[in-house]
Amino acid sequence: MVSPARSAVASANRIVVKVGSSSLTTAAGGLDPTRLDALVDAVSARVSSGSQVVLVSSGAIAAGLAPLGISRRPRDLATQQAAASVGQLTLAHAYANSFGRYSLTVGQVLLTADDVVRRAHYRNAQRTFSRLLALGAVPVVNENDTVATEEIRFGDNDRLAALVAHLVGADALFLLSDVDALYSGDPRQPGATRIAEVASASDVDGVRAGSVGASGLGTGGMASKLAAARLASAAGIPVLLAGASDAAQALSTADCGTAFAAGGSRLTARRFWLGYAADATGRLHLDAGAVAAVMGRRRSLLAAGITDVDGDFEAGDVVELLDPSGAVVARGVAGFDATELPSLIGRSSQHLPEDQRREVVHADDLVPLAR
Ligand SMILES: Nc1ncnc2c1ncn2[C@@H]1O[C@H](COP(=O)(O)OP(=O)(O)O)[C@@H](O)[C@H]1O
Ligand SMILES: N[C@@H](CCC(=O)OP(=O)(O)O)C(=O)O
C-alpha cells in the first residue's frame, strides 16, 4: 500500500525540488550537462503535468572550480565566494538553455539568510516567488554565496530548500542527492539498511547520518538532509528524499527513495519564522515544571519556571527555551529585556512588582519545536 506521505508527494501541486552539487558535476569537476539535462527533463515533465516547481540548485562552487583552475573544493570563504561567483553564472546559463528545450523560462533567485530571517524581506521574497510562478517561470534558487559571510550563511542548501518550501507554501519538498534513500547508517559502511518511510520523528532516532558526503563537493551530507526533512515535516510539508538519478521516477510517481510524512498541521508564516527561521539572541533555561506547562499544556512561560538566562536581548527579540538537560525545546519572543530578568526569575507572579506581573514569553509567541 502506498503511504499517505508518498501519495501526497506524488500529487502535490506546488513543489520545491532541491538538487545537490554531487548530482550535477562530473568526477573531474565542472558541470555535467547530461545529468543537468536529465534533471531538467524530470522537472519539465512535472511542470507540464500541471505542477508549479521551484528548483533549489547547489553546484555554483563546484562549477566555478575548473574555470578558475582550482582542483579541490576550497576551504576558505573568499575562494568559495570567488568560485561561486564564476560558477553561478555557468549554472544559471546551463539551466536557462536546458529548460529552453521545453520552452520554459527560468528566473534566478539568490537568497541570503537575511531574506528569510527578516520578516519584511521574507514577505518580499514571497511576493517575488508568487509572481514568478504565476507567470509560468521556473524559479532557480541558490544561496547568494558571493556576498554571504560565515556568520550569515544558511550553510547548506538542504536547510535553504526547507525554508523556501515553507516560504512558497509548497505541498511537498523533494531532496535529490547522490544516494537513493535514507539508510540506517552511512551506506558506504556495511550493514546499513534502507528506510522507505518515516512516519514520525522517532522513526529516525537510531539513524546515523554522516555530515560529509561521498563526493566531497557538497556540504552537510545526510545529516543536513535529515535536519531539513525534519524542518519541512514540522512545518506540515511532506518530503521525498531520493537519488537525483531517479529524478524522473521521484517526480512522477514518487515510488522510490524515503518518504517523510508531514508532522502536524501547517504552521502560519509567523510561527514558522519564529520557530525555525529567525535568529535567536538569547536563551532561557526552564525547570521541568515550566517545560511541561509550555510544551504539554501550551501555557505561557512565567518567570517562576526560569532558572537561568543568557544572551543580550531586548523585549521583542527571539529567544530559545531550554529544558533542564540543555536541549532547545521551543523558541519564542521575549517579553522582557535580558537585563530585567535576573531579579525576576524563580519568583511566582504574586511576588513580583505589579508592572512586571506578565508572561516572559506569551503562549501566542511561543513555538514548541519538533524533536
Ligand atoms: N544514514 C545515511 N543514509 C544515506 N546516506 C548517508 C547516510 N549517512 C551518510 N550518508 C552519505 O551522505 C551522502 C549525501 O550527502 P552529500 O554528498 O552532501 O549530498 P548532496 O551533494 O546531494 O547535498 C551520501 O552519498 C552518503 O554517502
Ligand atoms: N550554495 C552552494 C551549495 C551549498 C550546498 O549545500 O551544497 P550541497 O550539499 O551540494 O547541496 C553552491 O552552490 O555551491
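Trainee: Where does Ser177 lie in this predicted model?
Mentor: Start with the record, since the unreviewed UniProt entry lists Ser177 under "binding site", with Lys18, Asp178 and Lys225 among the others. In the predicted model, this serine belongs to a strand, and that strand is β5.

Trainee: Is Ser177 buried or exposed?
Mentor: Among its contacts beyond four places in sequence are Gly20, Ser23, Lys225 and Leu241. The cut-off for a buried residue is 20 or more other C-beta atoms within 10 Å. Ser177 has 27 such neighbours inside 10 Å, so the verdict is buried.

Trainee: Which strands stand at the edges of the eight-stranded sheet?
Mentor: Read the order of this open, mixed sheet: β3-β4-β2-β1-β5-β9-β10-β8. An edge strand has a single partner, so one side of it is left without a neighbour in the sheet. That applies to β3 (106-111) and β8 (197-198).

Trainee: What angle does helix α1 make with β10?
Mentor: Helix α1, residues 4-11, packs on that sheet and touches β5, β8, β9 and β10. Comparing its direction with that of β10 gives about 95 degrees.

Trainee: Which residue stands opposite Leu240?
Mentor: Strand β9 covers residues 239-243 and runs antiparallel to β10, residues 258-260, with three bridges joining the two. Across from Leu240, in β10, is Ala259.

Trainee: Why do Ser58, Asp145 and Asn157 gather at one spot?
Mentor: These three come from the unreviewed UniProt entry, again under "binding site". They span 100 residues in sequence, so what matters is the distance in space. No two of their C-alpha atoms are more than 10.8 Å apart, so they gather at one spot, and the value to quote is 10.8 Å.

Trainee: How many C-beta neighbours does Ser58 have within 10 Å, and where is Ser58 found?
Mentor: Ser58 is found in the loop between β2 (52-57) and α3 (60-65). Despite the loop position, Ser58 is buried. Its count of other C-beta atoms within 10 Å is 28.

Trainee: Is Asn157 buried or exposed?
Mentor: Asn157 sits in helix α7, residues 157-167. Its contacts beyond four places in sequence are Lys18, Val56, Ser58, Asn142 and Glu143, and Ser58 is another residue in the "binding site" list from UniProt. With 28 C-beta neighbours inside 10 Å, Asn157 counts as buried.

Trainee: Which residues of helix α11 are buried, and why do they fall on the same side?
Mentor: Around the axis of α11, the buried residues cover an arc of only 100 degrees, which puts them on the same side. The face turned away from them carries exposed Ala288, Gly289 and Gly296. The buried ones are Ala290, Val291 and Val294.

Trainee: Which strands do the buried residues of α11 pack against?
Mentor: Helix α11 runs over residues 288-296, and just after it Arg298 takes a positive phi of about 55 degrees. The partners of the buried residues are β11 (282-286), β12 (306-311), β13 (318-322), β14 and β15 (366-368).

Trainee: Is Val328 buried or exposed?
Mentor: Val328 belongs to strand β14, residues 328-333. Beyond four places in sequence it touches Glu320, Leu322 and Leu369. With the cut-off for exposed at 12 or fewer, its 12 other C-beta atoms within 10 Å make Val328 exposed.

Trainee: Ser103 and Ala254 both have a positive phi without being glycine; which of them is buried?
Mentor: Ser103, with phi of about 55 degrees, is in the loop between α4 (77-100) and β3. Only 8 other C-beta atoms lie within 10 Å of Ser103, so that one is exposed. The other has phi near 60 degrees and lies in the loop between α9 (247-252) and β10. With 24 other C-beta atoms within 10 Å, the buried one is Ala254.

Trainee: What is the radius of gyration of the whole protein?
Mentor: There are 11 helices and 15 strands to fit in. For 371 residues the globule rule gives 21 Å, and the computed value is close to that, so the protein is as compact as a globular protein of that length. The radius of gyration is 22 Å.

How values were computed
Residues are numbered from 1 along each chain as its sequence is written. Chains are lettered from A and ligands numbered from 1 in the order in which they are written. This is a predicted model: local features need pLDDT of at least 70, side-chain atom pairs count only at pLDDT 80 or more; totals for chains, interfaces and linings use all residues. Helices (H or I, at least four residues) and strands (E, at least two) are DSSP runs, numbered from the N terminus. The radius of gyration is taken over C-alpha atoms; the globule rule is 2.2 Å times the number of residues to the power 0.38. Two strands pair if DSSP finds at least two bridges between them. Two residues are in contact if their C-beta atoms, placed from the backbone, lie within 7 Å. Axes are lines fitted to C-alpha atoms, for helices over the stretch in contact, and angles run from 0 to 180 degrees between N-to-C directions. UniProt positions are given in the numbering used here, feature names are shortened, and annotations may be inferred rather than shown by experiment. The arc is that of the directions from the helix axis to the C-beta atoms.
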